[in-house]
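Me: I am new to this structure. Please take one part and go through it closely.

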Amino acid sequence: MTTISAGPDANSDSPGVRHVKRPTPLRESVYEALTEMIIDGTLERGRHLVEVELAGILGVSRQPVREALQRLNNEGWVDLRPGFGAMVHVPAEDEVDQLLAARAALESESARLAARNPDKEAVAKLRELCKIGANLQETGDIDGAVRTNAELHGLITEMSGNRFLVDFAGQVDRRVRWYYTPVAPVRGAASWREHTRLVKAIADGDEDKAAQIMREHTEHTRKAYRDLQAGAEPAEPPAPEKKPTPRRRRTTN
């Protein structure tokens, strides 16, 4: 007779033990889908969310949609209003400032630590991501550029070697992508130039410079977002000053 054990303390080497992989619960899949639709703008800010409409789009019943909306409300993606229903949250200005301030602190430290012992393979991957992101930006693939931007920042955080920074950064990553997506069309080109400078500082092992560039990079994104919300054309940050090249004197033969 075979004994099947599914307990958490079961010995995986014991004969007859089987570990069953459970499929992702439907409510989790619906939650993930709705979150990504909010981030990429498919469900725009302030939009009234109708359960039956969302259920039809996702091909599910209303129950998992209702559960997902409740969770999204708890996490600040959606606002549930009694008597009216659910609406995609419209971020207040101070929310963006607070999040990007937290991001600047986390990622400037990540950049500094990444520059302390730069891994050659990781640096090569960062350079590759810079090229990919810039190309996506030039071709107008904003969603692809935003995803690549997130991947680059995530890799820098991993390079820090600090698992707590990785965990904290992961918690704000989606929200940062949500805020960054609207400004990516006008911010993107300058952003990828800043990324290139950042990667060079990391590769050179210049901790202070890497941290400084990351702080400035985050501040430029914050300013661009605020300009966009105010209806102003986001200004491109000034290019870093270059030292003048000394002139060579002509010599006569």
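Reply: **Helix α1 and its partners**

Glu28 is partly exposed, at 25% relative accessibility (buried is under 20% relative accessible area, exposed over 50%, partly exposed in between; 1.4 Å probe, protein chains only). The model is predicted: local features need pLDDT of at least 70, side-chain atom pairs need 80 or more, and totals for chains, interfaces and linings use all residues. Numbering starts from 1 along each chain as its sequence is written, and side-chain values use heavy atoms, without hydrogens or water.

Glu28 meets Arg71 in a salt bridge, 2.7 Å from N to O (a Lys or Arg side-chain nitrogen within 4 Å of an Asp or Glu carboxyl oxygen). Glu28 sits in helix α1 and Arg71 in helix α3 (residues 62–74), so the pair ties together parts 43 residues apart in sequence. Helices are DSSP runs (H or I, at least four residues), numbered from the N terminus. Arg71 is also partly exposed, at 32% relative accessibility.

Now the packing. Helix α1 (residues 26–39) and helix α2 (residues 51–58) have axes that come within 12 Å and cross at roughly 100°. That makes α1 roughly perpendicular to α2 (65 to 115 degrees). From α1, Val30, Ala33, Leu34 and Met37 make the contact; α2 brings Leu54, Ile57 and Leu58 (heavy atoms within 4.5 Å).

Step back for context. The whole structure holds 21 salt bridges. One of them joins Arg222 and Asp97, with the closest N and O atoms 3.2 Å apart. Arg222 is in helix α9 (residues 207–229) and Asp97 in helix α4 (residues 93–116), 125 residues apart. Arg222 counts as buried, at 18% relative accessibility. Asp97 is partly exposed, at 21%.

Technical notes
Axes fitted to C-alpha atoms, helices over the stretch in contact; angles between N-to-C directions. Helix = DSSP H or I, 4+ residues; strand = E, 2+ residues; numbered from the N terminus. Parallel < 35°, antiparallel > 145°, perpendicular 65-115°, else oblique.
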